[in-house]
Amino acid sequence: RGEKGRVQTQYTNQIADDDVFKPGFYIPENVYIIGTMNDIDRSVESFDFAMRRRFVWEEVTAKESFINMGIGDEAAYEKHPMKKLNDVIQKIPGLNSSYHIGGQYFLNMQSESALWKLRLKPLLREYLRGLDAGSYWDKLEKSETIDDFLKASESNDNGGQEQ
């Protein structure tokens, strides 16, 4: 970082002589590079391990994203469908907090119906595909709204088996 961290790159010979980066490339002191990555995407698993070895990792929880994105405060989160949905996700066998849905899904939504049909239900289908969570799958497919799914899932507190 900064001029003291200047490095030569393979492109140095292509930089104009009067360019500030001609003597070498560096990240200015006031610039931070922030990358995001979802740790459940197995198609990039080898890349994920390489990144983890090279950079500092800090988890941003669903609750933190809710607050940071200005959706509401901590008290509002406790009552919000996002938290309730994440509580259900946490109970599904094979899923955990890595699968929690963050605040981005709830920003700028046109309608709760569109949020459910176009964003949440398809994502939950992907989460459940291949898992032994049949009763959750059935409840998901029968649900027309997020509230339908939450109400249907309330009876599913024994690991996905019907009571």
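**A quick look at an all-helix model**

The second largest pocket here takes up about 170 Å³. (A pocket is an open set of points on a 1 Å grid over the protein atoms alone, where a 1.4 Å probe fits, with protein on both sides within 12 Å along at least five of seven lines; its volume is the space filled by probe spheres set on those points.) Keep in mind that this is a predicted model, where local features need pLDDT of at least 70. Residues are numbered from 1 along each chain as its sequence is written.

**Around the pocket**
- Helix H4 (81-91) and helix H7 (146-153) each give two or more residues to the pocket's lining.
- Lining residues, which have an atom within 4 Å of a point, include Lys84, Asp87, Leu150 and Glu154.
- By type, the lining splits into 2 nonpolar, 1 polar and 6 charged residues, with Asp, Glu, Lys and Arg counting as charged.

**The whole chain**
- The protein chain has 7 helices and 0 strands (DSSP runs of at least four residues for helices, H or I, and at least two for strands, E).
- Buried residues (under 20% relative accessible area, 1.4 Å probe) make up 27% of the chain's 163 residues.

**Spotlight on Lys142**
- You'll find Lys142 in helix H6, which covers residues 134-142.
- Lys142 is exposed, with a relative accessible area of 68%, where exposed means over 50%.
- Lys142 and Ala152 sit 10 residues apart in sequence, and their C-alpha atoms are 9.2 Å apart in space.

Definitions and conventions
Predicted model: local features only at pLDDT ≥ 70, side-chain atom pairs only at ≥ 80, totals over all residues. Heavy atoms only, no water.
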